[in-house]
Amino acid sequence: MILNWLTVSLGVALVALFVGKRAKIIRWTLFALYLTFLSWMLWTTYGMWDYRELYPIFSLAGVNFYLSFSITPLRWFFALFTTVINLVIAIFSIRKNLEENDELGIGTLWILLAASNLMIFVANDWITLFIAWEIMTWTSYFIITPGWKNSFRAANYYFLLSMFGAYSMLIAIWWMHALPGVNSFDISATISAVAELWVKSPFKAGMILALVLAGFLSKSAVFPFHPWPAEAHAEAPDDFSPYLSGIMIKYGLYGVVLFVAPVFIKIAHSETGSTINGVPVYSYILAWIGAITAVVGTYRAIIENDMKRLAAWSTVANVGYIATALFILTPLGITGGIFHIFNHAIFKGMIFLALAAVKFRTHERQMHRLGGLAYKMPITFLTFLTGIIAAAGIPPMNGYASKWLIYQALLVSKFPFLTLMIFVASTGAFMYLFRALHSIFLGQLPERLSDVKEVPIIMQIPMIIGILTMMFFGVFPGYALKPIGEIVSSMGLTPIRTTPTTMFSVLSVVDATKVGGMFGLSFLIAFVLFLVGKKRRYVDMLDNYTAGQNPKDFGLTTEMYHFAYKFYEPFANMFSNIKINFKKMYDVIAKDFNLFGEWISSLFDSPTIVSTMVFVGTIVILIIAGWSG
Amino acid sequence: MNTNYALLLVGIPLTTAFLLPIVGLAGKKLARWIAFAALAFNFVYSLGLLLYVNSAGPAVAVIGNWKPPFGINFYLSPLSLFFATTIYFVGMIVALYRIGAETIPGDEKLSTAILLTVMAAGAVVLTGDIFNMFVFLEILSIGTVILVASRGAGISFRGAFKYIVFAGIGTGALLFAIGFAYGTLGTLNMAEIGLRVTEINFAVAGFIALMFAAGLLVEAEIFPFNLWLPDAYEGSFAHINALLSGVVGTAGVYATARIFLTLLGIKVSDYVMFYGKFNFNNILIVLGVLTVLLGEIAALTQKNIKKILAYSSAAQMGIVLFAIGIGTHTALAGGVFHLFNHAVSKALLFVAASMMIHKAGTADIDELAGLGRKSRTLALLFGVGAFGVIGIPMFNGFWSKMYVVKAAVERGGWNFLAVAVILGAALAEVFYYFRILFKLFNPVDIEIKNRGNLAGYLAIFALAAVILWVGINPSGLGGIINSAAGELFDKSTYISTVLGTGVLQ
């Protein structure tokens, strides 16, 4: 069944490849239809938790390779919500790509990527996962850079870090395969094998976990792999950025929930080795790495001027929260982490869609060159506004519910300093989110942009769907928490108690509907006050900034009214002494590699007499080395 | 089936090769067709033999009715025929490409050289006599020199000269080794040497092994014996490079494996090759890892597409040598499989590169930018070859590299570090292949100087089909590779088949 869904993608991709440049709309409609098909099929598989598929592919020298798929609560939930979000983005893409030149390759590869996305989530063994993982990596690489120079430089950080991670994972896969009693690639078998190995040799088990984590965390841009999203998310095609930032960055976190967290939970239960508040030390360190990621991402987002880079850094920060929550390993932490993965996929998808809409009309990415678009693009503005409210964790949007759970998890497990880090990062989120809202949609509209229109209706539909979804899960978090509860209980933990509207924690109880209702009520009161208030005078947008003076006297043009450039310069100056830059570190490594390569090729290019001497010298050295003694 | 007809695999191309200059008087194109037909015959016939021995078990082709160990014999087993078939296949593909390509001065003589080279490489793989192997290696290196020099550019002569110096020293060392072995054991038959290798004292055996290494690793493109490589590859035509890498390199690595495992391996089923202070397992592993590392990093800085592929080809050979050095059944399966995959993928890459160079009139990857947008099929097929070499899942190289990694991780210890280095180097490899693909799809306008040829497209389509078939359905080759690796791992079958006795100490 699942294999058939995946093979369909090959057919769809072939059709998409051959409809050529003239029938763009057919290609992208096909893509949306394929995703509709996948979403519907996945929806119907709810509850088939014993479902398995097994196809032998290769068997040689005692190793059997299978393609195997299964459906469990975890796999079902991730596969479904990513496919549905991809569908929503695809609707946006239909119209957006009508005006693109390089959409042929992008569309074809994206169809394959969507299939590999499903394959990652339904994979039942490491080889299937690895195959899907690699397909996902190379297809997304060529979507990010279909020949464009800027995105090539950007995509390379993503690609090389991902491949580094994938190769680490490969070593770990074979290592686990060689562990006693495993001799297969089955994920659940390796979980118990690694947990057992921990008792005998924590170093080896730690190495395996480190190799696997290198694969997962490099994909999810956790510190120190954090530089790539700012490059790749920013330079990717605009409609691909929501997918990249909303869904693809979660693969690593999915891997953590799938493999790493169960291993740590087993280790914690076996009570070997030291734990901190019930969390194994390694897991605790990883939680701190998550917190560092959150703070670093937030700081970089604050000082960013490019709107897509800002959103990308915000993604890094959110990945940090999620990682911290997941590595706490309590039911609350895992629930909060998974719920935030889900919510972040929606709101960051919508934020990037709104940015794509802005860029679609203005072709600008630098925020100081934008401004005042709220009246020109109301739906886009509303989407962005809802998105940042959700991102900041303000009720009644969905981000609030998951952030509440994350804080509860940290507090219940008594990690005050981690809570503080997350709190700092979360407060910083207000700074950059408001700044983005202000610089793009509020303030003064530059005269260049005076004839900007709202995006076409097909591109508005996904954004409206997004707004409603964010509100829905903010007011009724229980509808998402129910399947997440099934995931948590399938991991052997007690799920937290929820009703559709209420979330229970040890410390407190919150009824999201009441909270949302309160906000609705206060909006209503403000609106009533607005209606009954004194009659007001409407002024021109540029009228209220000059306080009655003629700006021409100061040599100012209207373009310069909009205060957005170097918005947080004082804040940036506070931290300007910190010179640690991981992107530079990767650049230096690349440069050194190139120098080394030039040296080697100069050896190869040396005259015949020199290379002959090297050749003969090697033989002589080997002979002498064997002769002596 | 009378396996003695296997000698036609040498006879047909050899006769054709020397007829070609006469045929060339009638028409240069005709000479190409005849060369293609000879190699196609070789491919089909050796494929048939391969399928036969795969079901009926290994056989021996005896020359002049002199039974081994006295006469020269050809050993026909899944392993040797698998590589012979691969070699003939690559040769046939290059001949097919040449049918449509532009003629050059002295074209029919180049066809002669191609036939000689492919014939010699196939014979190196098939022969069961060590001196016979030496002779064919000499023919192979002379053929290669002609192939490299045939382009006639300054760099061609430099490359050819460098190669002939290396090959000369190498075959000299080989003659030393053979002389020592003959002097000690009094036989040139490979099976008998393999049987009685423990009679040689350790110091002499170590020296013999070292001399063999010096001779064979030149053809196998292993550092530091591969310093001839970039000049020779840059100097020759790109489609000729497919022969250098897919035919000469394959024969060289095969000969290395055969000599080190079957001839010089001490214990049955566990090829620890210790001779006094020499531990050849470790020497091969170190040389292999060095080749991979240096090759991949050097390729990173190159601009000439032929040189990039040349360094990459050396690096793949390093991976195979690494697998041979590990020496377990799994490792050998991975190595054998990878050698095959590399031959096919690299042939596709070189032939496609040749077509791209022909179209754009340059080999510089910066100047090839935008070609993929003009001729999409060509660029996509080049991509298939690149994916095959890199080892992207569902392409052939993936499965073989998986086995090499598995073998290294299983052996543990320093092999862990070695495989980490190899995978690190593979990062560089992925990067430079993807950079070529990226450049091909740059939105840059490029002037197409020449049109592509149908025969060339046919050739690369065939290669791409093999890559995808092996990648998606590797089990089709699984049986052959398993018995091939088993043959390398356990030499007793080889010896008992050739000598007709199962006696082993």
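A residue is called buried here when its relative accessible area is under 20%, exposed when that area is over 50%, and partly exposed in between, using a 1.4 Å probe and protein chains only. By that yardstick B:Glu108, at 7% relative accessibility, is buried. The model is a predicted one, so local features need pLDDT of at least 70 and side-chain atom pairs count only at pLDDT 80 or more, while totals for chains, interfaces and linings use all residues. Residues are numbered from 1 along each chain as its sequence is written, chains are lettered from A and ligands numbered from 1 in the order in which they are written, and side-chain values use heavy atoms, with hydrogens and water left out.

Chain A first, as a whole. Its secondary structure comes to 23 helices and 6 strands, where helices (H or I, at least four residues) and strands (E, at least two) are DSSP runs numbered from the N terminus. With a radius of gyration of 26 Å against the 25 Å that the globule rule gives for 629 residues, chain A is as compact as a globular protein of that length. That radius is taken over C-alpha atoms, and the rule is 2.2 Å times the number of residues to the power 0.38. The C-alpha trace of chain A spans about 100 × 65 × 55 Å along its principal axes, and 61% of the 629 residues in the chain are buried. A contact means heavy atoms within 4.5 Å; among contacts in chain A between residues at least 6 apart in sequence, 79% join residues at least 24 apart.

On to the charges. A salt bridge is a side-chain nitrogen of Lys or Arg within 4 Å of a carboxyl oxygen of Asp or Glu, and the structure holds 26 of them over all chains. One joins A:Asp239 and A:Lys96, with the closest N and O atoms 3.5 Å apart. This pair ties together distant parts of the chain, 143 residues apart: A:Asp239 sits in the loop between helix 9 (227–235) and helix 10 (241–246), and A:Lys96 in helix 3 (residues 73–96) of chain A. Both partners are tucked away, A:Asp239 being buried at a relative accessible area of 0% and A:Lys96 at 3%. Elsewhere in chain A, a network of salt bridges links A:Glu231, A:Glu304, A:Arg309 and A:Lys583.

Chain B has its own pairs. B:Asp231 and B:Lys162 meet at 3.1 Å, N to O. These two come from distant parts of the chain, 69 residues apart, with B:Asp231 in helix 9 (residues 229–235) and B:Lys162 in helix 6 (residues 154–185) of chain B. Both B:Asp231 and B:Lys162 are buried. The buried B:Glu108 pairs with B:Lys109, their closest N and O atoms being 3.9 Å apart.

A:Glu134, in helix 5 (residues 126–144) of chain A, goes without such a partner. This residue is buried yet has no salt bridge, and the nearest side chain of opposite charge, A:Lys219, is 8.6 Å away. Leaving aside residues up to four places away in sequence, A:Glu134 touches A:Met163 and A:Ala166, along with B:Gly391, B:Ile392 and B:Pro393.

Last comes A:Ile334, found in helix 14 (residues 331–362) of chain A and buried at 0% relative accessibility. Not counting residues up to four places away in sequence, A:Ile334 touches residues including A:Ala261, A:Ile265, A:Val488 and A:Met491. The C-alpha atoms of A:Ile334 and A:Met491 are separated by 9.9 Å, though the two lie 157 residues apart along the chain.

Methods
Lys and Arg count as positive and Asp and Glu as negative; His and the chain ends are not counted.
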